[in-house]
Amino acid sequence: MPASPSTARAINDRLALRLLQQQGSLTAGQLKQLTGLSRPTVADLVERLTDAGLIAVVGEAGEQRRGPNAKLYGIVADRAHLAALDVRTEGVSVIVSDLVGTVLAEASAPIGGDAGTGPAVEQAVALVERVVKEAGADRLHTVGIGAPGLIDPASGELRDSTGLPEWHRSLVAALQERLPEARVIVENETNLAALAEQRDGVAADRDTFVLLWLGHGTGAAVVLDGALRRGASGGTGEIGFLPVPGTTGLPSAVDCEGGFHSLAGSAAIVELARSFGLLVEDASAPEPLAAGVVGKAVALVTGNTEADVGSVAGVGSAAGAGTVTAYGPPDRDARAASADRFLDTLADHLAVGAASVVAILDPGCVVLGGEVGQAGGEALAARVEERVRRMSPLATVVRPSGLGGAAVLRGALLTARDAAQDELFAPRDR
């Protein structure tokens with residue numbers, strides 16, 4: 001059946017708004033060309049969207065720059081303001097953007113493990129309020145939050161998780177109370193990282209892939225046929241609990257020690273580096289120390305001259321970076337050989353988890369995400385891919401993260417932007 005006039009108008013309006021989101025400002029003639037709609041239909045939708053306050057004239061195009069055909073239309077970016085949060089065990093990062101996703105202000109703050117729930121929540125909320133003020137926003141329309149742990153698929157709430165701070169759950173409730181006009185959306189951090197890699201990173205050409213999160217801890221996100229899969233209880237991707245060979249025991253329902261986490265968590269990677277004589281001094285920074293260890297090893301193996309310096313900054317978000325010092329034997333060739341063996345063994349460990357996922361899901365692509373995946377780059381990804389190919393008959397490419405730890409914030413912002421646009425771009429009766 002043909003669409004009703006109101007449905008057709010709604011479809012045309014959404015199409016035009018999506019084009020303005022993706023392409024930037026456009027003239028009515030360009031909208032006509034890109035949509036395939038008639039000139040009168042485009043004129044009508046431009047009038048509707050302008051009257052609704054969703055688009056406005058933002059300039060003129062063409063050599064003469066005059067006349068109605070030269071008008072450039074763009075989405076009214078300050079129609080709504082959005083916030084994205086990356087909530088980690090040791091701190092929180094915040095960005096505030098306009099409706100099209102342009103970042104207006106950002107900041108990060110550590111939150112000590114000895115801080116009580118109340119003070120920790122107040123620190124985080126105060127940071128959000130400060131960034132909102134710096135962005136010049138009167139209020140927030142939508143807030144996207146990325147946090148470790150399980151998200152209840154029925155309620156969308158962050159569930160109690162063993163080993164995670166209580167202030168995480170309390171923060172979500174506090175933000176909903178302090179920002180009553182804003183919609184607050186919570187999602188698992190690894191899922192958000194996968195969304196960001198799919199939209200803006202190394203998985204942009206993939207409808208099906210798995211992201212292995214390698215940071216302080218481990219996790220996985222599963223995208224099948226373009227859709228993020230969360231599972232019956234929201235626990236798809238809890239790969240840290242995966243029983244694997246090479247550990248001293250088995251994981252339990254309340255502790256992932258003995259699971260894949262024991263091979264691929266930050267502490268395990270740092271200990272592995274020490275076993276190869278690659279000495280590490282813990283700078284107690286908020287970023288995973290393993291990212292600095294792996295980055296240093298890659299630099300040594302690839303001949304990067306920066307590997308000769310006494311320390312190297314860890315790879316991560318704006319919250320800070322770890323430092324690796326006294327890296328291995330005094331002779332550079334010996335250090336490089338130790339680093340090469342370390343990366344080989346680390347790839348052995350990571351391939352165990354990757355191959356297990358491949359055997360079940362056949363994703364065709366595995367992204368090594370998080371700060372450690374980004375630090376390992378192609379050097380580590382190629383090693384893992386070679387081992388997965390030996391262990392599985394299913395063709396699989398392995399890619400390093402293009403966004404690293406910043407993927408969580410990016411994914412949270414994309415989630416907030418999509419939700420806000422879905423609401424604001426919804427058809428309204430005239």
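# Exercises on a predicted model

L272 has a relative accessibility of 11% and so counts as buried. The model that holds this residue is predicted.

**Exercise 1. Find which residues L272 touches, leaving out those up to four places away in sequence.**

Step 1. Locate the residue: L272 belongs to helix α8, residues 266–275.

Step 2. Apply the cut-off: buried means under 20% relative accessible area, and L272 is buried because its value is 11%.

Step 3. List the partners: L272 is in contact with F342, T345, L346 and H349.

Step 4. Take one partner and compare sequence with space. L272 and F342 are 70 residues apart along the chain, while 7.2 Å separates their C-alpha atoms.

**Exercise 2. Describe how α8 packs against helix α9.**

Step 1. Read the geometry: the angle between α8 and α9, residues 289–302, is about 40°, and their axes are 8 Å apart.

Step 2. Name the arrangement: α8 and α9 are therefore oblique to each other.

Step 3. Give the hand: the crossing of α8 past α9 is left-handed.

Step 4. List the residues: α8 contributes S266, I269, V270 and A273, and α9 contributes L289, A290, V293 and V294.

Step 5. Sort them by class: seven are nonpolar, one is polar and none is charged.

**Exercise 3. Describe how helix α4 packs against helix α5.**

Step 1. Read the geometry: α4 covers residues 117–134 and α5 covers residues 167–178; they pack at about 50° with axes 9 Å apart.

Step 2. Name the arrangement: α4 and α5 are therefore oblique to each other.

Step 3. Give the hand: α4 crosses α5 in a right-handed way.

Step 4. List the residues: on the α4 side are T117, A120, V121, E122, A124, V125, V128 and E129, and they meet W167, S170, L171, A174, L175 and R178 of α5.

Step 5. Sort them by class: the contact of α4 with α5 has nine nonpolar residues, two polar ones and three charged ones.

**Exercise 4. Work out the strand order of the five-stranded open sheet, then place α4 and α5 on this sheet.**

Step 1. Write the order: β6-β5-β4-β7-β8, with mixed pairing.

Step 2. Mark the edges: β6 (103–110) and β8 (183–188) each pair on one side only.

Step 3. Give the turn: ignoring direction, neighbouring strands of this sheet are turned by 15° against each other on average.

Step 4. Look at one pair: β5 (residues 91–98) and β6 run antiparallel and are joined by seven bridges. Among the bridge partners, V96 is matched with A105 in β6.

Step 5. Place the helices. α4 lies across β4 (81–88), β5 and β6, at about 155° to β6. α5 also packs on the sheet, touching β4, β5, β7 (142–147) and β8, and its direction makes about 165° with that of β4.

**Exercise 5. Which strands are the edges of the three-stranded open sheet?**

Step 1. Write the order: β1-β3-β2, with antiparallel pairing.

Step 2. Pick out the strands that pair on one side only: these are β1 (26–27) and β2 (55–60), the edge strands.

Step 3. Check one pair: β2 and β3 (residues 71–75) run antiparallel, with five bridges between them. K71 in β3 is the bridge partner of E60.

**Exercise 6. For D225 and D362, state phi, place and exposure.**

Step 1. Recall the general rule: most residues other than glycine have a negative phi.

Step 2. Read the two angles: phi is near 55° for D225 and near 50° for D362. Each is a positive value in a residue other than glycine.

Step 3. Find the loops: D225 sits between β10 (218–224) and β11 (227–229), and D362 sits between α10 (332–361) and β14 (365–369).

Step 4. Apply the cut-offs: exposed means over 50% relative accessible area, and partly exposed means between 20% and 50%. D225 is exposed because its relative accessible area is 66%, and D362 is partly exposed because its relative accessibility is 41%.

**Exercise 7. How many helices and strands does the protein chain have, and what percentage of its residues is buried?**

Step 1. Count the elements: the chain has 12 helices and 15 strands.

Step 2. Read the burial: 50% of the 430 residues are buried.

Step 3. Add the contacts: among those with a separation of 6 or more, 65% join residues 24 or more positions apart.

How values were computed. Residues are numbered from 1 along each chain as its sequence is written. This is a predicted model: local features need pLDDT of at least 70, side-chain atom pairs count only at pLDDT 80 or more; totals for chains, interfaces and linings use all residues. Side-chain values use heavy atoms; hydrogens and water are left out. Axes are lines fitted to C-alpha atoms, for helices over the stretch in contact, and angles run from 0 to 180 degrees between N-to-C directions. Helices (H or I, at least four residues) and strands (E, at least two) are DSSP runs, numbered from the N terminus. Angles under 35 degrees count as roughly parallel, over 145 as roughly antiparallel, 65 to 115 as roughly perpendicular and the rest as oblique. A crossing is left-handed if the near helix is turned anticlockwise from the far one by less than a right angle, and right-handed if clockwise. Contact means heavy atoms within 4.5 Å. Ala, Val, Leu, Ile, Met, Phe, Trp, Tyr, Cys and Pro count as nonpolar, Asp, Glu, Lys and Arg as charged, and the others, Gly among them, as polar. Buried means under 20% relative accessible area, exposed over 50%, partly exposed in between (1.4 Å probe, protein chains only). Two strands pair if DSSP finds at least two bridges between them.
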